[in-house]
Amino acid sequence: MRNWYMLTLVGKDRPGIVSEVSRILFKAGGNLGEASMSRLGGNFTIMLMLQMDSEKEEVVSLLQPVCDELGLLAHVDNIAGGLHHHIEPNFRLSVHGADQAGIVAAVTGSLAELKFNILNLESDVGGSPEKPVYIMHIEGFADCSLASLEKSLQPLIIEKEIVVHLVPIDTMLG
Amino acid sequence: MAKLEILVYPDERLRQVSKLVKTVDNQIVSFISDLEETLSSLHGCVGIAAPQVGRFERIIIVDVSARPQHKNHGHLVLINPVIISNEGNSVGREGCLSVPDYTGKVNRSKYIVVKAQDGFGSDVTYPMEGYEARAVQHEIDHLNGKLFIDSLVGKRNNLKKRTDF
């Protein structure tokens, strides 16, 4: 199959969305690659790699009826394909603190200074409506020491009054 | 000595349960030598099990000595290994020669005591923890036809379990 696409779908969550979309793509000759689905703030979100002979406009048209039926917004982008290109993370951060604007920008800004490549980021807002708590997990790769990462993060831990647990990831290969 | 070919998932032979080694004879010693050469040729790899090279006998090699930050017993040949006790849990990231280009998180016992015969057929017992214990559990799984992808823990479980990497 010639083309790889990144398909993004967003909408109100309900049972059966993945099943219906994947069935339509399969029937049209599509092959799914890596995918990531999350329920964010009650919204259904998915990004999935799709390999198809069809042109981009045809993929959009193919999805239109199911998007109308299920109330989904779809976005299709041409991407470079390739199923096997994994970078192994070597650090993991867990961050939590009182919810406030700027936590992600501050933490990832410090990481970016050390050329930390974020491979996976997920966050949640928990706690009570009066006292929301922000919790974030980041995994990534950086060609630097644990100590230099800790040093880089130290000022914002004090400034934002957040807790950051930073641990090395040592993948066991057997 | 010879470098052996690694079986790769979804090869059904990886699902076989390996047999006990009855006697550590010259044939077994020679095979272990080949298995050691195979392991040492694989960069970054800390363990290998006989069924991964298509020999369905209960033999594993684990060597964590290249990662001195983890407590370890050095180069270990374990024949007929059995975990006689275990304690605690930890989630850590694993990869496997038989499942190339994929790693995932697996929950393992944090502390184990493993009983086996060494490469000369003598009885040995090792208390282990953390990374080395993880490696031994991963390799013993191979002897039972089990792969780490059978035991993956989802990404969202991070907060619920103690995580050691």
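These notebook entries follow what I looked up in a predicted model of two chains, A and B.

**Entry 1: the first sheet of chain A**

I began with chain A and looked for the strands that pair with one another. Four strands form an open sheet in the order E2-E3-E1-E4, and the pairing is antiparallel. I noted that strand E2 (31-40) and strand E4 (72-79) of chain A are the edge strands, since each is recorded as pairing on one side only. On average, neighbouring strands of this sheet are turned by 15° against each other, with direction ignored.

I then followed one pair more closely. E1(A) and E3(A) are joined in the antiparallel sense by ten bridges, and within this pairing Met6(A) has Met49(A) in E3(A) as its bridge partner.

Which helices lie across these strands? Helix H1 (residues 17-27) of chain A lies across E1, E2, E3 and E4 of chain A, and runs at about 15° to E3(A). H2(A) lies across E1, E3 and E4 of chain A, and its angle to E4(A) is about 160°.

**Entry 2: the second sheet of chain A**

Further along chain A I found another open sheet of four strands, in the order E6-E7-E5-E8, again with antiparallel pairing. Here the edge strands are strand E6 (117-127) and strand E8 (163-168) of chain A, each of which pairs on one side only. The average turn between neighbouring strands of this sheet is 10°, direction ignored.

E6(A) and strand E7 (residues 132-141) of chain A run antiparallel and are joined by ten bridges. As an example that can be found in the structure, I wrote down Asn117(A), whose bridge partner in E7(A) is Phe141(A).

Two helices belong in this entry as well. Helix H3 (residues 103-113) of chain A lies across strand E5 (91-98), E6 and E7 of chain A, and it runs at about 20° to E7(A). Helix H4 (residues 146-160) of chain A lies across E5 and E8 of chain A, running at about 175° to E8(A). In the loop between H4 and E8 of chain A I came upon Glu161(A), which has a positive phi of about 55° although it is not a glycine.

**Entry 3: a salt bridge within chain A**

I next looked up salt bridges, and a search of the whole structure finds 14 of them over all chains. One that I followed is between Glu55(A) and Arg2(A), with the closest N and O atoms 3.4 Å apart. Why does this pair tie together separate parts of the chain? Glu55(A) is in the loop between strand E3 (43-52) and helix H2 (56-70) of chain A, while Arg2(A) is in the segment before strand E1 (3-12) of chain A, so the salt bridge ties together parts that are 53 residues apart in sequence.

**Entry 4: strands and a cis bond in chain B**

Turning to chain B, I traced the pairing around E3(B). Strand E2 (residues 59-63) of chain B is joined to E3(B) by five bridges, and the two run antiparallel. E3(B) also pairs with E4(B) in the antiparallel sense, over 14 bridges, and a hairpin of two residues joins E3(B) to E4(B). Ile79(B) is a useful residue to find, as it is the bridge partner of Ile59(B) and itself has Gln117(B) in E4(B) as a bridge partner.

I also noted a cis peptide bond between Tyr9(B) and Pro10(B), with omega about 10°. Pro10(B) lies in the segment before helix H1 (26-40) of chain B.

**Entry 5: where the two chains meet**

How many residues of each chain are in contact with the other? I recorded 27 residues of chain B in contact with 21 residues of chain A. The two chains bury about 2000 Å² between them, and 47% of it is on carbon and sulfur atoms.

Across this interface there are three salt bridges, and one salt bridge between the chains joins Asp170(A) and Arg67(B), at 2.9 Å from N to O. The count of residue pairs in polar contact is 13. On the side of chain B that touches chain A, two or more residues come from each of strand E3 (75-96), strand E4 (99-117) and helix H2 (130-143) of chain B. H2(B) gives the most, with five residues. By class, this side has eight nonpolar, ten polar and nine charged residues.

Last, I saw that strand pairing also crosses between the chains: strand E9 (residues 172-173) of chain A runs parallel to E3(B) and is joined to E3(B) by two bridges. Met172(A) stands opposite Glu94(B), and Leu173(A) has Gly95(B) as its bridge partner.

Key
Residues are numbered from 1 along each chain as its sequence is written. Chains are lettered from A and ligands numbered from 1 in the order in which they are written. This is a predicted model: local features need pLDDT of at least 70, side-chain atom pairs count only at pLDDT 80 or more; totals for chains, interfaces and linings use all residues. Side-chain values use heavy atoms; hydrogens and water are left out. Contact means heavy atoms within 4.5 Å. Buried area is the accessible area (1.4 Å probe) that two parts lose on being put together, summed over both. A salt bridge is a side-chain nitrogen of Lys or Arg within 4 Å of a carboxyl oxygen of Asp or Glu. A polar contact is a pair of N or O atoms within 3.5 Å; within protein, one must be able to donate a hydrogen and the other to accept it, and residues adjacent in sequence count only if both atoms are side-chain atoms. Ala, Val, Leu, Ile, Met, Phe, Trp, Tyr, Cys and Pro count as nonpolar, Asp, Glu, Lys and Arg as charged, and the others, Gly among them, as polar. Two strands pair if DSSP finds at least two bridges between them. Axes are lines fitted to C-alpha atoms, for helices over the stretch in contact, and angles run from 0 to 180 degrees between N-to-C directions.
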